[in-house]
Amino acid sequence: MVQEIEIGKEWYVIHTYAGYENKVKQNLEMRITSMNMEDYIYRVIVPEEEHVEKTKSGKEKIVKVKNFPGYVLVEMIMSDEAWFVVRNTPGVTGFLGSHGQGSKPTPLLPDEVRNILASLGEGGRNRDISFEIDEVVKVIDGAFDGMEGRVQEIDAEHGKLKLTVEMFGRETLAEVDYDQVDKF
């Protein structure tokens, strides 16, 4: 599964009234459809995690807890029309990173998006590929971003590689995740 990245398509954070995140998501999704904004506003996410809590009777129950109470993530192309639709959705109080007076908000950084989506079990690239010992790969994320490395060890169970990379004129062993490298 290769994710396409369209020009201008980025993730933004909208601020909502606390406790209304799911209602804002529902309202925004209805407005996207009714106002024909599917080509500008793609996904609306309320990041949540499941936690186990004990009830008063001692039983365990699973509850969903919001990762960012009062915030909703929106993947969109920031056009005037899309900005208007999101801003004027009931329950939305504004965009995070907007300085008021009609200024457009700042999108999330790609690393932030990747981390949030990964924590939700989404995003990332498909890593159903295999690596071979002595294969040269390009590091595309993390401390060794932009470097080339030669595969020394493969830990397929945990999705990790040990590479030798050249740093300061010496070969250094580095451990990276599968999703931090690409094949040439």
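**Group meeting: one chain, two cores**

Let me start with a hairpin. Strands E3 and E4 form it, with 5 residues between them. In the turn, Gly58 has a positive phi of about 90 degrees. This is a predicted model, so please keep that in mind throughout.

Stay with the hairpin for a moment. E3 pairs with strand E4, residues 60–66, in the antiparallel sense, over 7 bridges. One example of the register: Glu49 has Val65 in E4 as its bridge partner.

Now pick one residue on E3. Glu53 lies in this strand, which covers residues 48–54. Is Glu53 buried or exposed? Neither label fits: Glu53 is partly exposed, because its relative accessible area is 38%, and the partly exposed class runs between 20% and 50%. Which residues does Glu53 touch, once neighbours within four places in sequence are set aside? The contacts are Lys59, Glu60, Lys61 and Val63. Lys66 is another matter. Glu53 and Lys66 sit 13 residues apart in sequence, and their C-alpha atoms are 14 Å apart in space.

Step back to the whole chain. There are 3 helices and 11 strands. Along the sequence the pattern reads β-α-β-β-β-β-α-β-α-β-β-β-β-β.

What about overall dimensions? The C-alpha atoms fill a box of roughly 55 × 55 × 30 Å along the principal axes. The radius of gyration is 21 Å, whereas a compact globule of 184 residues would come in near 16 Å. Of those 184 residues, 33% count as buried. On contact order: take contacts between residues at least 6 apart in sequence, and 55% of them join residues at least 24 apart.

Next, the interior. As a general point, nonpolar side chains tend to be buried together in soluble globular proteins. Here the largest nonpolar core has 19 residues. The ones with the most contacts inside this core are Ile14, Leu28, Ile41, Met76, Val86 and Phe95. Which elements feed this core with at least two residues each? Strand E1 (9–16), helix H1 (21–34), strand E2 (41–45), strand E5 (71–77), helix H2 (80–87) and strand E6 (92–95). H2 gives the most, with 4 residues.

So let's look at H2 up close. Its buried residues include Ala82, Trp83, Val85 and Val86. Why do these four share a side of the helix? They cover an arc of only 165 degrees around the axis, and that puts them on the same side of H2. The general background is that an α-helix has 3.6 residues a turn, so residues three or four places apart point the same way. And what covers the buried residues of H2? The cover includes E1, H1, E2, E5 and E6.

Val86 shows this at the level of one side of the helix. Leaving out neighbours within four places in sequence, Val86 is in contact with Ile14, Leu28, Ile41, Met76, Val92 and Phe95. There is also a second, separate core, with 12 residues. Among them are Val139, Val151, Ala174 and Tyr178.

Now the other sheet topic. An open sheet of 5 strands runs in the order E10-E9-E8-E7-E11, with antiparallel pairing. Which strands stand at the edges? Strand E10 (170–177) and strand E11 (181–183) do; each has a single partner strand, so one side of each is left without a neighbour in the sheet. The twist averages 45 degrees from one strand to the next.

Inside that sheet, take E8 and E9. Strand E8 is residues 148–155, strand E9 is residues 160–167, and the two pair in the antiparallel sense over 6 bridges. One bridge links Glu153 to Lys162 in E9.

Last, two backbone angles to check. In general, most residues other than glycine have a negative phi. Asp134 is not a glycine, yet has a positive phi of about 75 degrees. Where is Asp134? In the loop between helix H3 (110–119) and strand E7 (136–139). Asp134 counts as partly exposed, at 46% relative accessibility.

The other is Phe168. Its phi is positive too, about 55 degrees, and Phe168 is not a glycine either. Phe168 sits in the loop between E9 and E10. Buried or exposed? Phe168 is exposed, because its relative accessible area is 79%, and the exposed class starts over 50%.

That's my tour. Over to you.

Conventions
Residues numbered from 1 in each chain as written. Predicted model: local features only at pLDDT ≥ 70, side-chain atom pairs only at ≥ 80, totals over all residues. Heavy atoms only, no water. Core = buried A, V, L, I, M, F, W, Y, C linked by side-chain atoms within 4.5 Å. Buried < 20%, exposed > 50% of the residue type's maximum accessible area, 1.4 Å probe, protein only. Contact = heavy atoms within 4.5 Å. Arc of directions from axis to C-beta. Pairing = 2+ DSSP bridges. Axes fitted to C-alpha atoms, helices over the stretch in contact; angles between N-to-C directions. Rg over C-alpha atoms; globule rule 2.2 N^0.38 Å.
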